[in-house]
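Student: I would like to learn how to read a structure like this one. Could we go through it feature by feature?

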Protein chains: 2
Amino acid sequence: MKPAAILFDVFGTLLDVYSVQTRAEQRFPGQGLRIAQLWRDKQLEYTRLRSLSSRYESFSRVTRDALQFTADALRLDARADALDELMRLYDALPAFPEVGDVLARLAAQDIPLGVLSNGEGPLLERCLAAAGLRGRFAHVLSADAVRVFKTAAPVYQLGPDAVGRAARDILFVSSNGWDACCATWFGYTTCWINRSGAPLERLGVEPHRTGTDLGAVLAAID
Amino acid sequence: MKPAAILFDVFGTLLDVYSVQTRAEQRFPGQGLRIAQLWRDKQLEYTRLRSLSSRYESFSRVTRDALQFTADALRLDARADALDELMRLYDALPAFPEVGDVLARLAAQDIPLGVLSNGEGPLLERCLAAAGLRGRFAHVLSADAVRVFKTAAPVYQLGPDAVGRAARDILFVSSNGWDACCATWFGYTTCWINRSGAPLERLGVEPHRTGTDLGAVLAAID
């Protein structure tokens, strides 16, 4: 398949969300892994609860709320400045090692690239610029435009609307199994980057392709 | 406040979901707690993903899928009959110790009682009958009637529709912090039964009352 465009999820797919674990471990010794995991889980939970309850707030706001809950739940001795420091990590998450090379190869094939993320536009611009990736993307699509988070249909619909082609003609790439599955439901051709060796979500739907890093996208378009 | 009716969440609020931990521990020694926690987390996650993606399936189906994922993720040596045995526990979850007495006291005050749950009707009927509670409830309200799960508004709207009064005149009781918060957003007067000493969810909304067991409902209506 040569897709009309390729859309990438950002957090966890291009940028390493769990890299916050290292800094959290420095700030709160022995708790880094639990902080990173609970923060991420709660962040996703809040995006879903707010979406289901029609109470949208920006991804950055939700992320800060999730961090505060994490500090509460783990009884961290956390002053606001320590949490603010962890929050700022989101502005400069590192890209996974292979990302730059894979995007360069895709660009050489004249396939339009984009991102489709829960993050609000200004956050995406900062993140992608900090990781040196901004110039690769013709489309920077944010859930903020429709004020609801994944996996609601209006978010996924941003892709076909921006590209001007049906979802099935677009390759959607995510490292989040739930995102890859729900995008498949929506109608995209999908590639799940299963970086962590996670089992397939039991949702009764499977991504079209699966790989262990972003290199799988190169195989998917051959 | 003397409410026009009191509606209870079921799983975790009246019936002890984590009691499956004991049986899981017997079947899979050393893994009982992780199985119970991941099963519950994944069950909730799937209700939300299916709701957001408009791919409703019954709570029992979602619960079975979540259990299968749990077995996959924890690499349990689990034949189908072992999982089926854990699933059958859902038909006979024990009520928390104080539940029978509190419901009897409320019934004596002529306040109509009901349940409002993600569980489908037949599951609720089996559960409540097995726990000896069915006769206490005038209303058995299920998300299945609207084919979407909490915290979507159509589920909470089942309450006012059944009772014939505004949500603010109805006391909604849940041990799940997210349920109590989102029901407050919806408009109910709410009581959060914080059985586990969990921190408040950081959603920018607070339940009207909080207690540590169902006895808090008696205090709330005085």
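Tutor: We will take the symmetry, then the salt bridges, then one helix.

Tutor: This is a predicted model, in which local features need pLDDT of at least 70, side-chain atom pairs count only at pLDDT 80 or more, and totals for chains, interfaces and linings use all residues. Residues are numbered from 1 along each chain as its sequence is written, chains are lettered from A and ligands numbered from 1 in the order in which they are written, and side-chain values use heavy atoms, with hydrogens and water left out.

Student: By what turn and shift can chain A be laid on chain B?

Tutor: In general, two copies of a chain are related by a rotation about an axis and a shift along it. Copies are superposed by least squares on the C-alpha atoms of residues with pLDDT of at least 70 in both. Here a turn of 180 degrees and a shift of 0.0 Å along the axis lay chain A on chain B with an RMSD of 0.0 Å. The two copies are thus related as by a two-fold rotation axis.

Student: How many salt bridges are there over all chains?

Tutor: A salt bridge is a side-chain nitrogen of Lys or Arg within 4 Å of a carboxyl oxygen of Asp or Glu. By this rule there are 32 over all chains. One of them pairs Asp72(A) with Arg202(B), with the closest N and O atoms 2.9 Å apart. Asp72(A) lies in helix H3 (residues 59-73) of chain A and Arg202(B) in the loop between strand E5 (189-193) and strand E6 (209-211) of chain B, so this pair joins two chains. Helices (H or I, at least four residues) and strands (E, at least two) are DSSP runs, numbered from the N terminus.

Student: Are Asp72(A) and Arg202(B) buried or exposed?

Tutor: Buried means under 20% relative accessible area, exposed over 50%, and partly exposed in between (1.4 Å probe, protein chains only). Asp72(A), at 25%, is partly exposed, and Arg202(B), at 35%, is partly exposed too.

Student: What about a salt bridge within chain A?

Tutor: Arg134(A) and Glu125(A) meet in one, at 2.7 Å from N to O. Arg134(A) is partly exposed at 28%, as is Glu125(A) at 32%. Elsewhere, salt bridges that share partners link Lys42(A), Glu45(A), Arg48(B) and Glu201(B) in one network.

Student: Which residues of helix H7 of chain A are buried?

Tutor: In H7 (residues 153-163), the buried residues include Val155(A), Tyr156(A) and Leu158(A). Just after H7(A), Gly164(A) has a positive phi of about 80 degrees.
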